[in-house]
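Colleague: I should like a close look at a single part of this model, a loop and the residues around it. Please then connect that part to the rest of the chain in one continuous account.

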Amino acid sequence: MRRFFPYILIFFSALIFLIRLLYLQVFSDSYTDISENLAIKVEYDYPQRGYIYDRNGVLLAGNQPAYDVMLVPRDLDAFDTVELAKLLSLDKKTLIKRIEKAKRYSYYAPSLITAQLTKSEYAYLQENMYKFEGFYIQKRSLRDYQLDLGANFLGYIQEVSNKDIREKPYYHSGDLIGRQGVEQYYEKKLRGVRGVKYIQKDRFNNDLGSFKNGQYDTLPQKGKDLTIAIDAKLQAYGKKLMKNKRGGIVAIEPQSGEILTLITEPTYEPSFLIGRKRSRNYTKLYYDTITKPLYNRALQAQYAPGSPFKVLTGLIALQEGAVDIKDSYTCYGGFQYARGKVLGCHHHPNPINMITGIAHSCNSYFSRIYLNTINNFETPQQGIEVWHNHLKSFGLGQYLGYDLPIGRKGFIPDSSYYNRMYNYPTYKWYATATISNAIGQGEVLATPIQLANMTATIANRGWYIKPHILKSIEGNAIKDTTYTKKHYTTIDKKHFEPIVEGMHQVYKYGTAKYLQIPGIEIGGKTGTAENKKVIDGKVVQLKDHSIFVAFAPVDNPKIAIAVFIEHGYWGSRYAGRIASLMIERYIKGKITRTDMETWLLENSPKEDYEKIDFMVKNDSILENLNLNE
C-alpha cells in the first residue's frame, strides 16, 4: 500500500486542480473578468473643482476648460513622432522621453503627455488624433482666478508629483492637486471625486462599448464650493496702498477670528501659475531671491515687534502687581539700567503713567515696569518663565493653528534660552540682560498674523478665536470647534481697560494723533523696530521697520489689524497711515482721509530697497549709503 501512496497523492492533487479550473472557467465569471480586464480601457471623467468666493459672494476662483493629451502605452502603435511632436509644440526628444516615462509608470493606466491645451490647439489636434493609436484627449477643468490678487492665500494647482502618487492612493499620473493656500489646505473638499468609465475593446483595439453595460462606471462629483472670510474689496485696497512697498498686512474680525485680509508684498498674480507656462513662471519666481515674491511675509516673516509689544509688557506688569495704573515716573530721555548703560527714549511730556506711557510710547516707563516684573521673583529665571507663559497665552512663540499650510512660530525666549546664552551657572545673568524685551526688541520675534491676533485679543479684552480663512462650505457654517472656541489669556479682564484706553489715546494726543479718522474711535499703537543686516561680513544698520497695530471701534471692535512695512522709517509714517485707511475702508466703505491716501500712493521706500538690493546682490556695502538719515 505504501508504494501506491505517492500515486494516490498525485491523483487527488490533479483532481482538485481540475475541479478548481472547471469552476473558474465555467461556473465563475472572475476568470472572465480578469481576462476581459486586459482588454478594457479606463477613462476618467474629472469633476469641476469647487469654486472659491469671498465673504460677500465675490467669485475669486472659478474654472475654465482645459485639454490634456493622454497615452495608454498598451494601445500604442507605430506613428510619426516628428508629426505628433510638432502638433504638441514639443521637440521629438521630449516627446519620446515622456512616452518612456508613461511606460515605466504603467502599460495599462493612462499617463499625461501634454497638459492644458488651449481651445485652438485642441481643435487642430483633434482632427489628427486618428493617426496616433493609444493617444487620446482628456477634458478637465483648469482654474480661472477672477481677480489679480490673493495668490498668497489662494495658492495654485499643479500636476501631482511621483511622491504624491506614492503617498496618496487617490491620485494618478497627470492628476492635478492644490499647492499652497486654500487650494492645498482644503484640497479634499475642492477636488471632488472623479468619475470612471470602463470601455470594452476587442483584440483589434476597437471600442465595443461599456464594460458590462456600465455596471462599474461612476459619475463625477463636483468639488464643494467654499466661502472664505477674505473681503476682496479690502484686500484690493490694501494691495493698492502697498504699491512699491515690502511687508505684510493682516486684518482679523475680533469676534470670530475670521481673516479679513492677508496681504504680502511683493507678490504675483494668481493667473501667473496657470497654464503651460506655469512651470517656467514658477522657476522665475523661485529664483527671485531679492524681492522674494513666493515668500508670504504676512505668515512667514518673523520681525521684532517693536513698540506694539509694550502693551503686553504693561498687561503682564499689572497682572503680576509690578505696577499700578496710578504710578507715574519721569522720563529723562532714556532709562539707565546699569552703569553706563542707557536705553534711549524720544522727547515727550512728563510725568508718564500707564495710559500716557502707551500714548507717547515711552521706552523708559516700560523698561522700568518690565524690570519690576522680572525682579518680583526670587530669580530672574523664575521671572522670565512667568513672563514667557503669559505671552504664550496670546498665541506668541508658537503656531497659531490657522487653516493655511505655512507659517512660523515667532520666538519668545524662556529662562533656558538665557541660561544657554550666558553659560549659566558658570556666569550669572540678571533681568537687565533682557531689558530689550520690554520694548519688543532683542530676542523677541513675531509674525504679522501673530501681531494681528494679539491686537484682536486686546480688542476682546482677553480672549481670541484662532484666526482662520474659511467661512463656510456650500453655505454651511464651520462646525469645527477649532475655529469657534474662545482661548483666554492668563491676564485678568480688568487689566485690559487701561491698556485699551492708552491705545485709544494714541490717536487722541499720542504718536498717531495726525492719523485720526472722522467718526471712528480707534485704538492703536505705533512701532519702530531696529533693522540690521549682515553684509560683506559686517553688521549694517539699515532703515528701521514701520509697524502699526490697531482695532476699531474701541467699544465694539469689528476689525483688528497689523501692518508691517520693511525699512519704513517709523510707525506712523507708512504702517500707521495704511492701518487707519484700511479701517476706514472696512467700516465706512469709503475714504475721507484722501490726503493720507494720496501721500501713500506717491511715496514709498523704493529707493532704499534698491540700495539694499544692490548690496545684498553684490555682498558689498555702498559708500555714502546714508540709510539712517
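Modeller: His567 has a relative accessibility of 8% and therefore counts as buried, since the cut-off for that class is under 20%. The model is a predicted one, and the backbone at this position is worth inspecting: His567 is not a glycine, yet its phi is positive, at about 55°. The residue belongs to the loop that runs from strand S23 (559–565) to helix H20 (575–588).

Ser572 lies in that loop between S23 and H20 as well. Its relative accessibility is 18%, which is under the 20% cut-off, so Ser572 also counts as buried. Setting aside residues up to four places away in sequence, Ser572 touches Thr511, Leu515, Thr526 and Arg577. One of these contacts, Leu515, is 57 residues away in sequence, while the C-alpha atoms of Ser572 and Leu515 are 7.8 Å apart in space.

Another of the residues touched by Ser572, Thr526, leads to strand S19, which covers residues 523–529. Lys525 is found in this strand. Lys525 is buried but forms no salt bridge. The nearest side chain of opposite charge is that of Asp544, 13 Å away, whereas a salt bridge requires a separation within 4 Å. The side chain of Lys525 does have a polar partner: a contact of 2.8 Å joins it to the side chain of Ser361. With neighbours within four places in sequence left aside, the contacts of Lys525 include Ser307, Pro308, Lys310 and Val311, then Ile358 and Ser361, and also Met503 and Val506. Ile547, Phe548 and Val549 are in contact with Lys525 too.

A positive phi also occurs at Arg461, which is not a glycine; the value there is about 60°. Arg461 lies in the loop between H18 and strand S15 (463–465). At a relative accessibility of 12%, Arg461 counts as buried. Helix H18 itself spans residues 448–459, and it also bounds the loop that starts after helix H17 (415–421) and holds Pro425. The peptide bond between Tyr424 and Pro425 is cis, with omega about 10°. A further cis bond leads from Glu265 to Pro266, where omega is near 0°; Pro266 sits in the loop between strand S12 (258–265) and helix H11 (278–286).

As for the interior, nonpolar side chains in soluble globular proteins tend to be buried together. In this model the largest nonpolar core comprises 129 residues, and Trp387 and Ile458 have the most contacts inside it. Beyond four places in sequence, Trp387 is in contact with Phe309, Ile316, Tyr370, Ile374, Ile412, Pro413, Asn437 and Val444. A second core, separate from that one, has 19 residues, among them Val69, Leu87, Leu88 and Ile99.

Helix H10 (residues 232–241) offers a further local detail: its buried residues include Ala232, Leu234, Gln235, Tyr237, Gly238 and Leu241. Asp231 caps the N-terminal end of H10, with a side-chain oxygen 3.1 Å from the backbone nitrogen of Lys233.

Finally, on confidence, the average pLDDT of the chain is 88, and 91% of the residues score at least 70. Residues 24–38 have a pLDDT below 50; in the model this stretch makes 14 contacts beyond near neighbours in sequence.

Conventions. Residues numbered from 1 in each chain as written. Predicted model: local features only at pLDDT ≥ 70, side-chain atom pairs only at ≥ 80, totals over all residues. Heavy atoms only, no water. Helix = DSSP H or I, 4+ residues; strand = E, 2+ residues; numbered from the N terminus. Buried < 20%, exposed > 50% of the residue type's maximum accessible area, 1.4 Å probe, protein only. Lys, Arg positive; Asp, Glu negative; His and termini not counted. Polar contact = N/O pair within 3.5 Å; in protein donor to acceptor, adjacent residues only side chain to side chain. Contact = heavy atoms within 4.5 Å. pLDDT = per-residue confidence, 0-100. Core = buried A, V, L, I, M, F, W, Y, C linked by side-chain atoms within 4.5 Å.
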